[in-house]
Protein chains: 2
Amino acid sequence: MSMKVGQTTRDRLIDASYQLARRQGFNRTSVSEVMKAAGVTKGSFFFHFPSKESLGLVVLKRDREEFLTMIDASLAAATPLQGIERFFAKALKKHRETGFIGGCLWGNTALEMCDSNSSFTEIVVGVFKEWTAKMSKAIRAGQACGQIRRDLPPEVLAQMIVASIEGGIMLSRLAKKAGPLKGCLKMLMTLLQPIAMGRSPGEQWMPESKQRSIPHRQEKSE
Amino acid sequence: MSMKVGQTTRDRLIDASYQLARRQGFNRTSVSEVMKAAGVTKGSFFFHFPSKESLGLVVLKRDREEFLTMIDASLAAATPLQGIERFFAKALKKHRETGFIGGCLWGNTALEMCDSNSSFTEIVVGVFKEWTAKMSKAIRAGQACGQIRRDLPPEVLAQMIVASIEGGIMLSRLAKKAGPLKGCLKMLMTLLQPIAMGRSPGEQWMPESKQRSIPHRQEKSE
DNA sequence: AGTGGCTAACCAACCGATCGGTCTATTGAG
DNA sequence: CTCAATAGACCGATCGGTTGGTTAGCCACT
């Protein structure tokens with residue numbers, strides 16, 4: 001299936017496991033399924049990994065590095081708010097590219113494992129903690145330079161952002177449309193805006209259509 | 001285990017399946033596990049339900065009615081905003097009572113099934129659609145009477161609320177603390193507030209500590 | 001009132017398939 | 001020749017599901 005050439009057997013197993021776990025979860029993905037997808041036999045599988053669970057943990061660890069690196073790269077923009085916007089755009093792009101199939105490995109694994117498997121949960125908790133911390137730091141910087149409203153505590157705001165994104169991905173995955181996630185991200189940007197003194201309600205939604213940095217290809221449906 | 005007396009065998013099976021599925025998901029919950037929890041043997045299980053999946057669907061349908069009824073009951077308050085606040089409080093209370101174990105059946109099932117099992121997904125999609133519609137209606141009413149800021153489209157706002165709650169439940173379930181969900185709900189209430197003309201940033205967070213209607217028992221940790 | 005028959009409800013042995021995992025034999029590059 | 005890497009037969013356990021048989025309560029008929 002995914003069987004890319006030029007990869008080592010180990011890498012192909014990791015890749016196949018990642019793809020399948022993102023769609024079905026780790027529990028429902030059997031060793032045989034991963035083997036078949038990677039074009040490998042059983043003996044080979046257990047030569048590279050002592051157990052199914054250990055492969056799962058390797059998959060999580062690999063994706064963790066990738067994800068945290070992506071966050072840092074996105075947030076390292078000219079201004080904190082631009083960094084956050086870039087991160088939003090990257091996240092939306094990634095899920096749009098996969099057609100909203102599979103969703104977020106972290107959210108999925110969190111809900112699948114967090115009351116049953118502690119090894120998996122430990123890693124997932126760590127990722128969310130780091131993710132939230134990075135967002136929190138960016139928010140604090142944005143508040144310091146007046147780009148982000150100062151009346152909301154950065155830690156809570158960061159947690160809210162992470163929660164909304166996860167929920168937005170979930171809704172977009174269910175609907176197989178970008179709409180829900182895109183809407184959540186747009187609302188988050190609105191929430192971050194400083195409260196302008198003399199601003200009156202009624203004309204804030206999509207105020208300047210030129211300076212938007214979240215790409216908005218038009219959807220075919222909805 | 002849960003084996004409450006006075007219930008029919010069928011009800012005990014539904015109950016046991018609900019509890020187990022909320023913690024582990026439907027996939028990881030075996031028929032034998034449900035049988036044991038309900039104090040019933042295999043022959044009896046398949047007398048009442050033609051398959052494991054059919055029991056799962058019954059569980060979902062039962063919880064759907066319960067959940068939608070709860071939403072209606074909560075939103076039917078003196079004012080739209082009070083209704084929304086009551087719904088938030090009810091949701092928080094429910095998850096606090098279960099010690100943030102198991103999370104939301106709908107979010108869990110969404111992520112577990114939505115790219116593999118279409119019967120389950122169909123029900124889940126319906127619940128989220130109805131949930132969002134009910135919130136949307138309350139928001140529109142709140143906007144009409146000036147309780148909720150008018151510059152945000154009610155549909156998007158409703159979707160954002162649902163997404164944040166699901167994400168908040170996820171984070172609270174991971175952390176086994178009320179903090180994340182509570183923070184999300186508080187932020188949502190802030191987001192709903194009308195933009196007061198002369199309000200300046202800096203003193204909005206937890207402004208009046210007396211009129212809060214979301215209960216805030218103090219946490220032992222965090 | 002007694003009794004034979006019917007059926008909803010339950011029980012437990014059993015089924016093939018598949019699970020995660022082991023083991024031994026074989027391959028092939030250095 | 002060596003040994004990392006692969007192949008695939010095989011293992012016990014468990015999966016979802018089936019089957020035949022045993023209750024217990026009710027209903028009809030004498």
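Of the atoms of DNA strand D within 4 Å of the protein, what share belongs to sugar or phosphate, and what to bases? Sugar or phosphate accounts for 56%, and bases make up the rest.

1. Some ground rules before the details. This is a predicted model, where local features need pLDDT of at least 70, side-chain atom pairs count only at pLDDT 80 or more, and totals for chains, interfaces and linings use all residues. Residues are numbered from 1 along each chain as its sequence is written, chains are lettered from A and ligands numbered from 1 in the order in which they are written, and side-chain values use heavy atoms, with hydrogens and water left out.

2. Let's start with the DNA. Strand D is surrounded by 14 residues (a residue is near a strand if one of its heavy atoms lies within 4 Å of it), and the closest are A:Thr9, A:Gly43, A:His48, B:Lys42 and B:Lys52. By class, this surface has three nonpolar, nine polar and two charged residues. Here Ala, Val, Leu, Ile, Met, Phe, Trp, Tyr, Cys and Pro count as nonpolar, Asp, Glu, Lys and Arg as charged, and the others, Gly among them, as polar.

3. Now for individual atoms. A polar backbone atom of A:Gly43 is 3.0 Å from a base oxygen of strand D. Phosphate oxygens of strand D feature in two other pairs: one is 2.6 Å from an N or O atom in the side chain of A:His48, and one lies 2.7 Å from a backbone N or O atom of B:Lys52.

4. Which helix gives the most to the surface near strand D? That is H3(A), with four residues. Helices here are DSSP runs (H or I, at least four residues), numbered from the N terminus.

5. Turning to the two chains, 57 residues of chain B are in contact (heavy atoms within 4.5 Å) with 57 residues of chain A. The area buried between them is about 4,800 Å², with carbon and sulfur atoms giving 70%. Buried area is the accessible area (1.4 Å probe) that two parts lose on being put together, summed over both. B:Leu111, B:Leu174 and B:Met187 supply 14% of what chain B buries against chain A, more than any other three residues.

6. There are charged pairs too. The rule finds four salt bridges across this interface, a salt bridge being a side-chain nitrogen of Lys or Arg within 4 Å of a carboxyl oxygen of Asp or Glu. B:Asp115 forms a salt bridge with A:Arg173, where the closest N and O atoms are 2.8 Å apart.

Note on methods:
Polar contact = N/O pair within 3.5 Å; in protein donor to acceptor, adjacent residues only side chain to side chain. Helix = DSSP H or I, 4+ residues; strand = E, 2+ residues; numbered from the N terminus.
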